[in-house]
Amino acid sequence: ADVRGLTGTVEFTGDSVWWKGVRVAFPGTRASGDGRYYINAGSIHLRLHGDPVDPADIRWAWVKLPEQGSGKIDFGLDWTENKSVYTAQNMDVRLEKSHVTGNIEATVTDTVAFRDANLRFTNLDTQLLTRMFGMKFPRPLTLTGRAAFNGGQHALRINGDVVVDDPRSGRSRLVGNGVMGLANGVFTARDLHVRMLPLQMGLAKAIDRFPRDPSDREKDQHCI
């Protein structure tokens, strides 16, 4: 990390480091907050307010962040042995060409689960979501709209209104709420209500042909 300035109170104990009211400056970022690092366990807990924030400055904390972007955010990070929890509140950020505002919490283990996510976004690139969260899509898409959601891949409760721009088939718009999931290649839904205003058939076919598991990926590649 390229730290250009650091002030605040830092306390060292036998197996941990604590800091309170620390202000830190990176080349394109100004942040302040509290945190603690447990040396033996290798766990870290951060609460930071950043304005402005350049993601290139904090890729040391999350290497999947893109290098290009800007914005402001109240950021939380909890790294433990087998789990990482990221929170973003009062967010207004641009990552590459994508612009996102709102709040989200993501828990990363061997999968990703979301809590109290409420976002608005423009030109959100699904390839960016794949790089950052491992989320899978039938092909590169661009999303604009709003979405509130809770849960994980197997049961995600959603309430959203999203315009989907697909370079191959054109523009679709999906408005929906309810619970949906994907397990072992099988799509499930509960109390799910969706309006398609419209849904382009090319995108519908790509979703239908999307590989169900890694062994299907190669044989279905020509269909996507």
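This is a short tour of the structure, one selection at a time.

**Stop 1: the whole chain**

Before you click on anything, remember that you're looking at a predicted model. Show the whole protein as a cartoon and you'll find three helices and twelve strands. Follow the C-alpha trace along its principal axes, and it spans about 60 × 35 × 30 Å. The protein has 224 residues, and 37% of them are buried. Now switch on the surface: about 13400 Å² is exposed, with carbon and sulfur atoms supplying 52% of that. One more number for the whole protein concerns contacts with a separation of 6 or more: 35% of these are between residues 24 or more positions apart.

**Stop 2: the sheet**

Go back to the cartoon and colour the strands. In what order do the twelve strands of the open sheet run? The order is 1-2-3-4-5-6-7-8-9-10-11-12, and the pairing is antiparallel. Next, select 5–12 and then 186–196: these are strand 1 and strand 12, the edge strands, each pairing on one side only. Look at how neighbouring strands sit against each other, and you'll see an average turn of 15°, direction ignored.

**Stop 3: strands 6 and 7, and the helix on the sheet**

Select residues 84–95 for strand 6 and residues 98–108 for strand 7; the two pair in the antiparallel sense over ten bridges. Want to check the pairing by eye? Click on Ser-84, and opposite it, in strand 7, stands Val-108.

Now add residues 126–133, which are helix 1. Which strands does helix 1 touch as it packs on the sheet? It touches strand 6, strand 7, strand 8 (112–125) and strand 9 (142–152). Compare directions too: that of helix 1 makes about 145° with that of strand 8.

**Stop 4: two residues with a positive phi**

Here's some background first. Most residues other than glycine have a negative phi, and most peptide bonds are trans. This stop and the next one visit the exceptions.

Zoom in on Glu-96, in the loop between strand 6 and strand 7. Glu-96 isn't a glycine, yet its phi is positive, at about 55°. Its relative accessible area is 36%, so Glu-96 counts as partly exposed.

Then jump to Asp-191, which sits in strand 12. Asp-191 isn't a glycine either, and it has a positive phi of about 50°. Is Asp-191 buried or exposed? With a relative accessible area of 57%, Asp-191 is exposed.

**Stop 5: two cis peptide bonds**

Select Asp-51 and Pro-52 together and look at the bond that links them: it's cis, with omega near 0°. Pro-52 belongs to the loop between strand 4 (43–50) and strand 5 (69–79).

For the other one, select Leu-197 and Pro-198. The peptide bond from Leu-197 to Pro-198 is cis as well, with omega near -5°. You'll find Pro-198 in the loop that runs between strand 12 and helix 2 (201–208).

**Stop 6: a nonpolar patch**

Finish on the surface by selecting Met-180, Leu-182 and Phe-187. Together these residues form a nonpolar patch with about 260 Å² of accessible area. Keep Leu-182 highlighted and turn the cartoon back on: Leu-182 lies in strand 11, residues 170–183. Why does Leu-182 count as partly exposed? Its relative accessibility is 33%, and partly exposed covers values between the 20% limit for buried and the 50% limit for exposed.

Methods: Residues numbered from 1 in each chain as written. Predicted model: local features only at pLDDT ≥ 70, side-chain atom pairs only at ≥ 80, totals over all residues. Heavy atoms only, no water. Pairing = 2+ DSSP bridges. Helix = DSSP H or I, 4+ residues; strand = E, 2+ residues; numbered from the N terminus. Axes fitted to C-alpha atoms, helices over the stretch in contact; angles between N-to-C directions. Contact = heavy atoms within 4.5 Å. Patch = residues over 30% accessible without salt bridge, like charges linked within 9 Å, V, L, I, M, F, W, Y side chains within 5 Å. Areas by Shrake-Rupley, 256 points an atom, 1.4 Å probe, with all protein chains shown as cover. Salt bridge = Lys/Arg side-chain N within 4 Å of Asp/Glu carboxyl O. Buried < 20%, exposed > 50% of the residue type's maximum accessible area, 1.4 Å probe, protein only.
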